[in-house]
Amino acid sequence: MLPEGYSIREVKASDHLPYLESLKVLTTVGEISKSQFEELVEYWKKNEVYHPHVVANEKDEVVATGMLLIERKAIHECGLVGHIEDISVAGHQQGKKLGYNMICTLAEKAKQAGCYKVILDCSPHNVEFYEKCGFKNDGTEMVKRF
Ligand code: ACO
């Protein structure tokens with residue numbers, strides 16, 4: 001259960017600055033103008049792969065982010081796989097179960113969409129958090145950066 005006054009919803013074009021501010025807890029975001037952000041949100045909304053979510057506070061301001069991508073595969077009879085990305089809870093909002101609720105919501109959406117599994121990559125220091133969200137450590141992440 002989310003704390004009183006908080007809710008999970010899809011991102012809106014008007015979320016520009018608080019959305020970017022919440023994401024900065026995760027990594028470098030850089031400069032993204034209002035119009036670039038509006039274009040991005042429009043792109044996400046038109047493309048059925050992207051399901052960008054936020055946790056909003058009682059003033060409807062974004063305090064956490066989370067993205068679900070749904071991949072359509074050939075294997076498993078054209079099976080669907082959910083990918084969770086860009087989970088980030090604003091520093092002063094951490095420890096209120098917002099991250100937990102975001103993960104549970106995205107995982108449930110993946111299940112409802114017909115995905116046979118939902119996966120994510122994370123740092124070793126977040127393994128325990130994801131285990132508390134019902135995930136298990138199931139492999140090794142590989143990366144080639146450009
Ligand atoms: N290690 C161990 N346990 C943790 C951690 C952690 N890093 N973070 C939270 N927990 C525990 C909490 O203590 C709580 O335990 P409890 O149920 O026994 O009380 C439980 O996990 C749920 O915690 P929440 O309050 O939901 O955690 P929060 O809202 O603070 O979100 C998060 C956790 C997302 C890791 C947040 O701290 C954050 O944004 N960190 C910085 C960005 C980041 O690392 N994001 C994840 C990237 S991976 C990805 O995007 C797929």
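This is a short talk on the core, the charged pairs and a few single residues of one structure, which is a predicted model.

I will start with the inside. The largest nonpolar core has 19 residues. Within that core, V55, I84, I87 and I103 touch the most other members. As for where the core residues come from, the elements that give two or more are β3, β4 and α4. On the sequence, β3 is 62-72, β4 is 80-89 and α4 is 98-112. Helix α4 gives the most to this core, with 5 residues.

While we are on α4, look at L98, which is found in that helix. Is L98 buried or exposed? L98 counts as buried because its relative accessibility is 2%, and the cut-off for buried is under 20%. If you want a distance to check on screen, take L98 and A56. They are 42 residues apart along the chain, and their C-alpha atoms are separated by 9.7 Å.

Just before that helix is K97, in the loop between β4 and α4. K97 has a phi near 70°, which is a positive value in a residue other than glycine. K97 is exposed, with a relative accessible area of 53%. So the neighbours L98 and K97 can be put side by side: L98 is buried at 2%, whereas K97 is exposed at 53%.

H76 is another residue with a positive phi that is not glycine; its value is near 55°. The place of H76 is helix α3, residues 75-78. H76 is exposed as well, at 54% relative accessible area.

Now the salt bridges. How many salt bridges does the count come to? The count is 7. The general idea is known to everyone here: side chains of opposite charge can pair when their charged atoms come close. I will go through some of the pairs.

One of them joins K24 and E21, with 3.3 Å from N to O. K24 counts as partly exposed, at 45% relative accessibility. E21 is also in the partly exposed class, at 49%. Both values sit under the 50% that a residue has to exceed to be called exposed.

Another pair is K73 with E71, at 3.1 Å from N to O. K73 is partly exposed, with 24% relative accessibility. For E71 the value is 29%, and E71 too counts as partly exposed.

The next pair sits in helix α5. E128 forms a salt bridge with K132, and the closest N and O atoms are 4.0 Å apart. What separates E128 and K132 along the helix? The two are about one helical turn apart, because they are 4 residues apart in α5. E128 is exposed, at 53% relative accessible area. K132 is exposed too, at 61%.

Beyond these pairs there is a network. R9, K12, D15 and D60 are joined into one network by salt bridges that share partners.

Next, charges on the surface without such a partner. Which residues form the negative surface patch? The patch is formed by E85, D86, D121 and E141. A patch takes in only residues that have no salt bridge and over 30% relative accessible area. E141 meets the area condition because its value is 44%. By class, E141 is partly exposed.

Where does E141 lie? It is in the segment after α5, and α5 covers 127-132. For a sense of distance, take E141 and S22. Those two are 119 residues apart along the chain, and their C-alpha atoms are separated by 25 Å.

The last residue I have is Q36. Q36 lies in helix α2, residues 34-46. Q36 counts as partly exposed, with 43% relative accessibility. Its C-alpha atom and that of H16 are separated by 9.3 Å, and the two residues are 20 apart along the chain.

To go back over the main points. The core of 19 residues takes its greatest share from α4, with 5 residues. The salt bridges number 7, including K24 with E21, K73 with E71 and E128 with K132. The negative patch is made of E85, D86, D121 and E141. The two positive phi values I mentioned belong to H76 and K97. That is what I have.

Conventions. Residues numbered from 1 in each chain as written. Predicted model: local features only at pLDDT ≥ 70, side-chain atom pairs only at ≥ 80, totals over all residues. Heavy atoms only, no water. Patch = residues over 30% accessible without salt bridge, like charges linked within 9 Å, V, L, I, M, F, W, Y side chains within 5 Å. Areas by Shrake-Rupley, 256 points an atom, 1.4 Å probe, with all protein chains shown as cover. Salt bridge = Lys/Arg side-chain N within 4 Å of Asp/Glu carboxyl O. Lys, Arg positive; Asp, Glu negative; His and termini not counted. Charge placed at Lys NZ, Arg CZ, Asp CG, Glu CD. Buried < 20%, exposed > 50% of the residue type's maximum accessible area, 1.4 Å probe, protein only. Core = buried A, V, L, I, M, F, W, Y, C linked by side-chain atoms within 4.5 Å.
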